[in-house]
Amino acid sequence: MEYTKLNNGVEMPMLGYGVFLVSPQECERCVLDAISVGYRSIDTAQAYFNEEGVGNAIVKCGVAREDLFITTKVWITNAGYEKAKASIEESLQKLQTDYVDLLLVHQPYNDFYGTYRAMEEAYKQGKARAIGLSNFYAARFMDIAKFNEIKPAVNQLEAHVFHQRKEMRKYLERYDTKMEAWSSLARGGDELFTNAVLVETSKQHGKTPAQVALRFLIQHGVIVIPKSSHKERMIENFNIFDFSLTQDEMQKIEALDRATTLFMNHQDAEAMENIFARFKI
Ligand code: NDP
């Protein structure tokens, strides 16, 4: 496992396991499988409704708490100082832990300023080892980074071979904020597994297109948290530290960038209205 140093000195694994769309019933088993494979970083969120499953796995896995790296995110409906503060306590209770390693604002909507203040407080109280953002586009990211005491350690965004976020990666460097990719496998869409460049590159290394897609991001310093409910795929996605892509291969994959979202544009009001409607917001 490779680690990266966050802007407050905390070490974070470059590869973690994400549990979005893992059902509450399956979550404990999935996280226990992932930890048995070797994953130490687990990415959940209040809005995934499976923090309890992650918590049960934390308690049962047999790995010391300090060797795990747990991330959760404060949801839009818990925004604002008071609500966010209460929701952080609730998350800790569900996760059965005194602290999370990384606490993120999930979306740049509602009173995210109040949320961030509650998170700064949690950080100072030792309830979060690092704090950061998710889905914050450049201007909103800059607003938080510039006008708050604690600089975001991470910005978690959609990023994969088809949406590489080159400009955002560069921008985040100004604040020494790490980029973390969600949907680093483009949600398992067939295109990623049949793309000629990825297939050819994977053959050169005796790897799979999924492994090449993850490796590409890692070599750009982007943290990845692929999700799978299948143990064999968890193993596949874990085995990405025993090969390197050449400069030529990296360039060919860079050419796959369409620089646009496959899933959700946080600056598109209509699209966000639809997403909020799904969550009954
Ligand atoms: P991913 O890009 O990780 O893709 C997950 C999908 O790919 C699943 O359908 C999985 O299927 C499939 N898959 C995984 N590995 C393989 C493989 N080796 N070969 C073939 N198919 C594979 O998408 P996610 O959207 O889940 O993103 C990952 C994590 O990022 C989430 O779990 C969550 O923690 C986080 N996230 C954060 C968001 C945010 O707003 N901050 C938004 C979305 C995600 P199967 O399970 O059947 O194996």
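**Cysteines**

Start at Cys-61, which counts as buried at 18% relative accessibility. The model on screen is a predicted one. Is Cys-61 part of a disulfide, or in none? Cys-61 is in none, and the nearest cysteine sulfur, that of Cys-27, is 13 Å away.

Select Cys-30 next. Its relative accessibility is 0%, so Cys-30 counts as buried. Draw a distance from the sulfur of Cys-30 to that of Cys-27, its closest cysteine sulfur: 6.7 Å, too far for a bond. The cut-off for a disulfide is a pair of cysteine sulfur atoms within 2.5 Å. The count for the structure is 0 disulfides.

**Helix α1 and the loop before α2**

Show residues 24–37, helix α1, and pick Glu-28 within it. Which residues does Glu-28 contact, once neighbours within four places in sequence are left aside? They are Gly-53, Asn-56, Ala-57 and Lys-60. Now add Asn-50. Glu-28 and Asn-50 are 22 residues apart in sequence, and their C-alpha atoms lie 8.5 Å apart.

Move to Phe-49, in the loop between β4 (41–43) and α2 (51–60). Check its backbone: phi is positive, about 55°, although Phe-49 is not a glycine. Phe-49 is exposed, with a relative accessible area of 57%.

A second residue to check is Gln-96. Look for it in the loop between α3 (81–95) and β6 (102–105). Gln-96 is also not a glycine, and its phi is positive, near 55°. With a relative accessible area of 39%, Gln-96 is partly exposed.

**The α5 and α6 pair**

Select residues 138–147 for α5 and 166–173 for α6. Their axes are 11 Å apart and meet at an angle of about 10°. That makes α5 roughly parallel to α6. Show side chains at the contact. From α5 come Ala-138, Phe-141 and Met-142; from α6 come Met-168, Tyr-171 and Leu-172. How many nonpolar, polar and charged residues does the contact of α5 with α6 have? It has 6 nonpolar residues, no polar ones and no charged ones.

Stay on α6 and colour by burial. Met-168, Arg-169, Tyr-171 and Leu-172 are the buried residues of α6. Look down the axis of α6: these buried residues fall within an arc of 165°, so they line one face of the helix. Rotate to the other side of α6, where Glu-167, Lys-170 and Glu-173 are exposed. The cover over the buried residues of α6 includes α5, β8 (154–158) and β9 (178–182).

**The loop after α5**

Follow the chain to Asn-148, in the loop between α5 and β8. Buried or exposed? Asn-148 is buried, with a relative accessible area of 8%. Leave out residues up to four places away in sequence, and Asn-148 touches Tyr-113, Tyr-116, Glu-120 and Asp-143. Of these, take Tyr-116 for a distance. Tyr-116 and Asn-148 are 32 residues apart along the chain, with 8.5 Å between their C-alpha atoms.

**Helices α9, α10 and α11**

Go to Gln-211, in helix α9. Gln-211 is buried, with a relative accessible area of 7%. Beyond its neighbours within four places in sequence, Gln-211 is in contact with Glu-236, Asn-239, Ile-240 and Phe-243.

Next, select residues 231–238, helix α10. Its buried residues are Met-234, Asn-237 and Phe-238. They cover an arc of only 100° around the axis, so they sit on the same side of α10. Show their surroundings: β3 (17–18), α1 and α9 are among what covers the buried residues of α10.

Finish on helix α11, residues 247–254. Which residues of α11 are buried? Glu-249, Met-250 and Ile-253 are. Why are they on the same side of α11? Because they cover an arc of only 100° around the axis. A general rule helps here: an α-helix has 3.6 residues a turn, so residues three or four places apart point the same way. Display α8 (196–205) and α9 (209–219) for the last view: the buried residues of α11 pack against both.

Technical notes: Residues are numbered from 1 along each chain as its sequence is written. This is a predicted model: local features need pLDDT of at least 70, side-chain atom pairs count only at pLDDT 80 or more; totals for chains, interfaces and linings use all residues. Side-chain values use heavy atoms; hydrogens and water are left out. Buried means under 20% relative accessible area, exposed over 50%, partly exposed in between (1.4 Å probe, protein chains only). Helices (H or I, at least four residues) and strands (E, at least two) are DSSP runs, numbered from the N terminus. The arc is that of the directions from the helix axis to the C-beta atoms. Contact means heavy atoms within 4.5 Å. Axes are lines fitted to C-alpha atoms, for helices over the stretch in contact, and angles run from 0 to 180 degrees between N-to-C directions. Angles under 35 degrees count as roughly parallel, over 145 as roughly antiparallel, 65 to 115 as roughly perpendicular and the rest as oblique. Ala, Val, Leu, Ile, Met, Phe, Trp, Tyr, Cys and Pro count as nonpolar, Asp, Glu, Lys and Arg as charged, and the others, Gly among them, as polar.
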